[in-house]
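Got the viewer open and a selection box ready? Here's a walk through a few spots worth clicking on.

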Amino acid sequence: MRVAIDYRELTEERYRAQTADPRVRPELWQAVRRAAFRAERQIKIRMPVDIGRARASWGHSTPPSHPGDGIWEENEGALSIVQGSNVEYMQRLNEGWSRQAPAGFIDAEAESAIDELADEIMDIMQRLL
């Protein structure tokens, strides 16, 4: 399962960022990273735990990796981060398979991160432009 924290969804602000002063871009990138790290942390907190494999596999992993490792792909140029897990039952956990977490807990955290990112981007743009 993969979750994208992607600034490209905020099309009007993305256009403004592309035409803005180059000093703005590093702040936007840091905002995207903060949102992604918050989402990763909250997903791990809410993750149902049996043996801990799903929680341990979400997000960052260090090489060498194997199929159960997390997904973490950063693209600074596109202002996007994709995170997730290669654990085969992750989608079922998000669908409510475990009584330890409600259905859609990953989706809810991704939406929350995108909302927080949108607010932070607006603040940056208003402050610097």
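Is E27 buried, partly exposed or exposed? With a relative accessibility of 30%, E27 counts as partly exposed. Bear in mind as you click around that this is a predicted model.

**Stop 1: E27 and R127**

Keep E27 selected and add R127. The two form a salt bridge, and their closest N and O atoms are 2.7 Å apart. E27 belongs to helix 2 (residues 24-46) and R127 to helix 5 (residues 105-128), so this contact ties together parts that are 100 residues apart in sequence. R127 is exposed, at 52% relative accessible area.

**Stop 2: E120 and its arginines**

Stay with these two helices and select E120 together with R34. Their side chains meet in a salt bridge, at 2.2 Å from N to O. E120 sits in helix 5 and R34 in helix 2, so here the pair ties together parts 86 residues apart in sequence. How exposed are the partners? E120 counts as buried at 17% relative accessibility, because the cut-off for buried is under 20%. R34 is partly exposed, with a relative accessible area of 38%.

Now add R38. The side chains of E120 and R38 also meet in a salt bridge, this one at 3.7 Å from N to O. It links distant parts of the chain, with E120 in helix 5 and R38 in helix 2, 82 residues apart. R38 is partly exposed at 24% relative accessible area.

Which residues do salt bridges with shared partners join into one network? Select R34, R38, E116 and E120 to see them. Searching the whole structure turns up seven salt bridges.

**Stop 3: a negative patch**

Next, select D107, E111, D115, D119 and D123, and switch on a surface if you like. Together these residues form a negative surface patch. One of them, D119, has its place in helix 5.

**Stop 4: the aromatic pairs**

How many aromatic pairs are there? The count comes to two. For F37 and W72, the ring centres are 5.3 Å apart and the planes are at 15°, so the pair is stacked. This is another link between distant parts of the chain: F37 is in helix 2 and W72 in strand 2, 35 residues apart. F37 counts as partly exposed at 29% relative accessibility, whereas W72 is buried, with a relative accessible area of 19%.

Then go to Y89 and W97. Their ring centres are 5.8 Å apart and their planes are at 55°, so this pair is tilted. The edge-to-face label needs planes over 60 degrees apart. Y89 counts as buried, at 16% relative accessibility.

**Stop 5: L79**

Last, select L79 and check the backbone torsions. What is the sign of its phi? L79 has a positive phi of about 55°, although it is not a glycine. For context, most residues other than glycine have a negative phi. Where does L79 sit? L79 is found in the loop between strand 2 (70-75) and strand 3 (80-85). As for cover, L79 counts as buried at 2% relative accessibility.

Conventions
Residues numbered from 1 in each chain as written. Predicted model: local features only at pLDDT ≥ 70, side-chain atom pairs only at ≥ 80, totals over all residues. Heavy atoms only, no water. Helix = DSSP H or I, 4+ residues; strand = E, 2+ residues; numbered from the N terminus. Buried < 20%, exposed > 50% of the residue type's maximum accessible area, 1.4 Å probe, protein only. Salt bridge = Lys/Arg side-chain N within 4 Å of Asp/Glu carboxyl O. Patch = residues over 30% accessible without salt bridge, like charges linked within 9 Å, V, L, I, M, F, W, Y side chains within 5 Å. Areas by Shrake-Rupley, 256 points an atom, 1.4 Å probe, with all protein chains shown as cover. Lys, Arg positive; Asp, Glu negative; His and termini not counted. Charge placed at Lys NZ, Arg CZ, Asp CG, Glu CD. Phe/Tyr/Trp six-rings, centres within 6.5 Å; stacked < 30°, edge-to-face > 60°.
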